[in-house]
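Hi everyone, thanks for making time. I'd like to walk you through a protein that will be new to most of you, so let's get it up on the screen.

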Amino acid sequence: MTRGFRPLLRGSTYAGALFAYCGALVSLPLLPFAALPALAWPSAPEGVRIVLTVLVWAVLIGVLGLARTTRRVLIACARRMLGVPLPDPVAEPTRSTAPARSTAASARSMASARSTAPGSDRLRTPLWLLAHVALGWAGAQSAVLLVCAGLLLPGGWAGAEAGVSVRGWSLRPEHGWQSWAAALGCLLLAAMLCLAVTGALRWLAPRLLGPSSAERLALAAERERALAERNRLAHELHDSIGHTLTAATIQAAVAGEVLGADPEAARAALRSIEESTRAALEDLDYVLGMLREEQTATAPPRSLADLPELLDRLRHAGAVVEPELAGDFTRVRGTPARAAYRILQEGLTNALRHGAGGPIRVTVTATPDALRLSVVNRTGSGGGSGGGGSATTAFPTSGHGLPGLTERVRLLHGEITAGPDGPDHWRLTARLPVRVPA
């Protein structure tokens, strides 16, 4: 039963008409204040005083619409009573609450939203209030008259009579079927009036209560910032957790194979698993800290300074790593250093997942203007699609690794290539522009 009455309370024609009539009633407390100037001018003609009262009343209603709280309340009511999908107003960020992790593009969009906001945007809520009140009063008075006529005409109660006069031609229904037809017409007109008032409000709501041009820019900037942040966190989780699980799986397999024959090697593999998972937990805590918008993360992101530790974990997993380091890459800091570490980590992880054994050659070359990275591994006679590693272990892959690396490098205006290198090798190379401090 409740389900049947739900349309009457939300988004229906009757709810929209009720919304308009309530808006008219809410404006009544302002009427005594609007009448004060007319009362202070008793010598003015009655028509002038009426016009003055209406004008002052309209000004008071418009001033009420300038408050931000009024706009929020009107949007919430219009959403519920009219069924119009209206987003909440976007609060303009202050200097102290501006997101510290916003991207440069998001910041530019926010600045553009503030600078291009037209002054007429602030007048849209007062215009909505005036239209709301005007439609409410016109609709309420007309509907009351029509409903009363529809109820009184059939029986001639209270001596009610109806007539239509056009250019000297008049029609006055007599008691009987004519009065009933006139009453039915009045009721139909009252229903049509409800439809018209609700339709007008639904047409005006998106134009006067919907997001302004500045708010649309702010919403777009916020979506852009949120998507960029989610994308970055997804890359962090994929790189750190994916690499750790791959290495830990291989190390656990090695430990199980040599547990009886070489307990020392098994213990070394288990220690490597412990170190790998501890590093992954630190990365996970760092990402969760960013998700919770904590001021300080629990662990810094990995950079090229952590490359020796990464290579050691791979050696504990049984991989043969042949690093070739040229230049003082430890002096590369900031975003290029973090991106370089993740690129090498993804390349080495792919080598563990898909390779066919053999040495993995890792090359890092730092020059004054660029950082060059390379990971080459053997893929076997069947080729490969992303790296080398254990030929005996199958790993499910999401396919997001290389596209994620490509996006990282593109954001840094670098270059990346990945593909077969000869009949049985796979090569991943990247070049990141960077300036090494002198």
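I'll start with the overall picture, then go to the sheet, and finish with some single residues.

First thing to keep in mind: this is a predicted model. So how confident is the predictor? The mean pLDDT of the protein is 75, with 73% of its residues at 70 or more. Among the elements, helix α4, residues 46–64, has the highest mean pLDDT, at 91, and helix α1, residues 2–9, has the lowest, at 44. There are two stretches I'd like you to find on the screen. Over residues 1–10 the pLDDT is below 50, and beyond near neighbours in sequence that stretch has nine contacts in the model. Over residues 93–119 the pLDDT is also below 50, and here the model has 31 contacts beyond near neighbours in sequence.

Okay, the overall make-up. We have 438 residues, and 37% of them count as buried. There are 13 helices and seven strands. Now look at contacts with a separation of 6 or more: 74% of them are between residues 24 or more positions apart.

On to the sheet. In what order do the strands of the open sheet come? Reading across, the five strands go β3-β4-β5-β7-β6, and the pairing is mixed. At the edges sit β3, residues 320–326, and β6, residues 415–420, each pairing on one side only. From one strand to the next, the twist averages 10 degrees.

Let's go across pair by pair. β3 and β4 run parallel, joined by seven bridges. If you want landmarks there, V320 stands opposite P359 in β4, and E322 has R361 as its bridge partner. Next, β4 pairs with β5 in the antiparallel sense, over six bridges. Those two strands form a hairpin with three residues between them, and V362 is bridged to V375 in β5. Over at the β6 end, β6 and β7 run antiparallel with six bridges, and I416 stands opposite A430 in β7. They make a hairpin as well, with four residues between the strands, and in it G422 takes a positive phi near 85 degrees.

β4 is worth a closer look. In a regular strand the side chains alternate between the two faces of the sheet. Which residues of β4 point to the buried face? Those are I360, V362, V364 and A366, while P359, R361, T363 and T365 point to the other face and are not buried.

So what packs on this sheet? Helix α11 lies across β3 and β4, running at about 160 degrees to β3. Then there's helix α12, residues 335–354, which packs on the sheet and touches β4, β5 and β7. The direction of α12 makes about 5 degrees with that of β5.

Staying with α11 for a moment: its buried residues are L307, L310, L311, R313 and L314. Why are they on the same side of α11? Because they cover an arc of only 155 degrees around the axis. The general background is that an α-helix has 3.6 residues a turn, so residues three or four places apart point the same way. Just after α11 comes G318, with a positive phi near 95 degrees.

Now, some single residues. H413 sits in the loop between α13 and β6. H413 has a positive phi of about 60 degrees although it is not a glycine. Most residues other than glycine have a negative phi. Is H413 buried or exposed? With 69% relative accessibility, it counts as exposed.

P85 is in the loop between α5 and α6, and it counts as exposed too, at 75% relative accessibility. The C-alpha atoms of P85 and A205 are separated by 9.4 Å, although these residues are 120 apart along the chain.

Last stop, the cysteines. How many disulfides does a search of the whole structure find? Zero. Take C22: the nearest cysteine sulfur belongs to C77 and is 9.3 Å away, so C22 is in no disulfide, the cut-off being 2.5 Å. C22 is partly exposed, with a relative accessible area of 37%, whereas C186, at 13% relative accessibility, counts as buried.

That's my tour, so over to you for questions.

Methods. Residues are numbered from 1 along each chain as its sequence is written. This is a predicted model: local features need pLDDT of at least 70, side-chain atom pairs count only at pLDDT 80 or more; totals for chains, interfaces and linings use all residues. Side-chain values use heavy atoms; hydrogens and water are left out. Buried means under 20% relative accessible area, exposed over 50%, partly exposed in between (1.4 Å probe, protein chains only). The arc is that of the directions from the helix axis to the C-beta atoms. pLDDT is the predictor's confidence in each residue, from 0 to 100. Contact means heavy atoms within 4.5 Å. Two strands pair if DSSP finds at least two bridges between them. Axes are lines fitted to C-alpha atoms, for helices over the stretch in contact, and angles run from 0 to 180 degrees between N-to-C directions.
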